[in-house]
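Thanks for making the time this morning. I would like to walk you through one structure, so please have the sequence and the model open while I talk.

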Amino acid sequence: VAIAMGATTEIFFSLMATPPDAGLSFGVVVAVVSVPLFLLATAVYVDECVDVGLDAADRPCFGLWRATITVAMKSVNPKIHTDHVEKILICMIEGIPIIFAIITIAMSTSLTYWYKDMFRGYCLGGLVFALLACVLYIGCHIFVGHNPKRDDLMACTYHAMRPLGVFKRVVRCGLDQSEESQPHWGRCVIYFFSG
């Protein structure tokens, strides 16, 4: 929220600080058009981030995230199941912060307080994971949410989801490619831009 509001305020004040004799330059037109679009995009992103955050604290942990990603990826590759998505999620949760911690220690100039750099890198890796997980969820949610069959399949998958770390496949929802209808990308794009 802070990044969204800061960037929007910066664009708005750069627009307001434009001298009156500058006329209608390309920068002014881009600023006028980009402020509402940036506000819309960040509002959608923040809303979905709140959904992912609440989903992470719910039981089962990341259940809606896993169900949405599974149904979206299943329509692309029928061999993907809920246990595969769960393994990828756990690798991302643990792997990205550890990789960032190692990189931060390796790039550190002072080896005396290496643990501070490791903790800083681990926190940065957690932030990067959260941003990537939200962007991935938004893309898959747009793909799944605007098709009633995929949306029903996602709801069924969510209700059959086990706790994180069990690695059980959801089979009773009929996760079958033959029941899947073709994606309506035009309608998805129209819904996305209409808010």
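Followed from one end of the sequence to the other, the chain reads α-α-α-α-α-α-α, that is, seven helices and zero strands. Please keep in mind that this is a predicted model, and that the confidence is therefore worth a look before the details. The mean pLDDT of the chain is 82, with 88% of the residues at 70 or more. Among the elements, helix α4, residues 82-106, has the highest mean pLDDT, at 92, whereas helix α7, residues 185-194, has the lowest, at 62. There is also a stretch, residues 177-181, over which pLDDT stays under 50, and for these residues the model has 11 contacts beyond four places in sequence.

Now to the chain as a whole. Of its 195 residues, 29% count as buried, and the chain exposes about 12,100 Å², of which carbon and sulfur atoms supply 71%. If we take the contacts with a separation of 6 or more, 70% of them join residues that are 24 or more positions apart.

Two residues can show what such contacts look like, and both of them bring in a partner from elsewhere in the sequence. Glu48 lies in helix α2, and, leaving aside residues up to four places away in sequence, Glu48 touches Tyr137, Ile138 and His141. Glu48 and His141 are 93 residues apart in sequence, yet their C-alpha atoms are 9.2 Å apart in space. Is Glu48 buried or exposed? Its relative accessible area is 10%, and because the cut-off for buried is under 20%, Glu48 counts as buried.

The second residue is Cys140, which lies in helix α5 and is also buried, with a relative accessible area of 6%. With the same neighbours in sequence left out, Cys140 touches Thr68, Ile69, Ala72 and Met73. From Cys140 to Val71 the C-alpha distance is 8.4 Å, although 69 residues separate the two in sequence.

Let me turn to the largest pocket, which has a volume of about 280 Å³. Of the 13 residues that line this pocket, Val1, Ile3, Tyr45, Val46 and Leu131 are the closest to its centre. Which elements give two or more residues to the lining? They are α1, residues 2-16, α2, residues 26-56, and α5, residues 114-145, and the largest share, six residues, comes from α2. By class, the lining has 12 nonpolar residues, one polar residue and no charged residues.

Finally, a word on backbone angles. Most residues other than glycine have a negative phi, and with that in mind two phenylalanines deserve a look. Phe62, which is not a glycine, has a positive phi of about 55 degrees, and its place is in the loop between α2 and α3, the latter being residues 63-76. Phe167 likewise has a positive phi, near 60 degrees, and sits in the loop between α6, residues 148-159, and α7. Where the two part ways is in their surroundings: Phe62 is buried, with a relative accessible area of 8%, whereas Phe167 is partly exposed, with a value of 35%.

Conventions
Residues numbered from 1 in each chain as written. Predicted model: local features only at pLDDT ≥ 70, side-chain atom pairs only at ≥ 80, totals over all residues. Heavy atoms only, no water. 1 Å grid on protein atoms, 1.4 Å probe; cavity = no way out; pocket = protein on both sides within 12 Å on 5 of 7 lines; lining within 4 Å. Points joined across faces, edges and corners; volume = space filled by probe spheres on them. Helix = DSSP H or I, 4+ residues; strand = E, 2+ residues; numbered from the N terminus. Nonpolar A, V, L, I, M, F, W, Y, C, P; charged D, E, K, R; others polar. pLDDT = per-residue confidence, 0-100. Contact = heavy atoms within 4.5 Å. Buried < 20%, exposed > 50% of the residue type's maximum accessible area, 1.4 Å probe, protein only. Areas by Shrake-Rupley, 256 points an atom, 1.4 Å probe, with all protein chains shown as cover.
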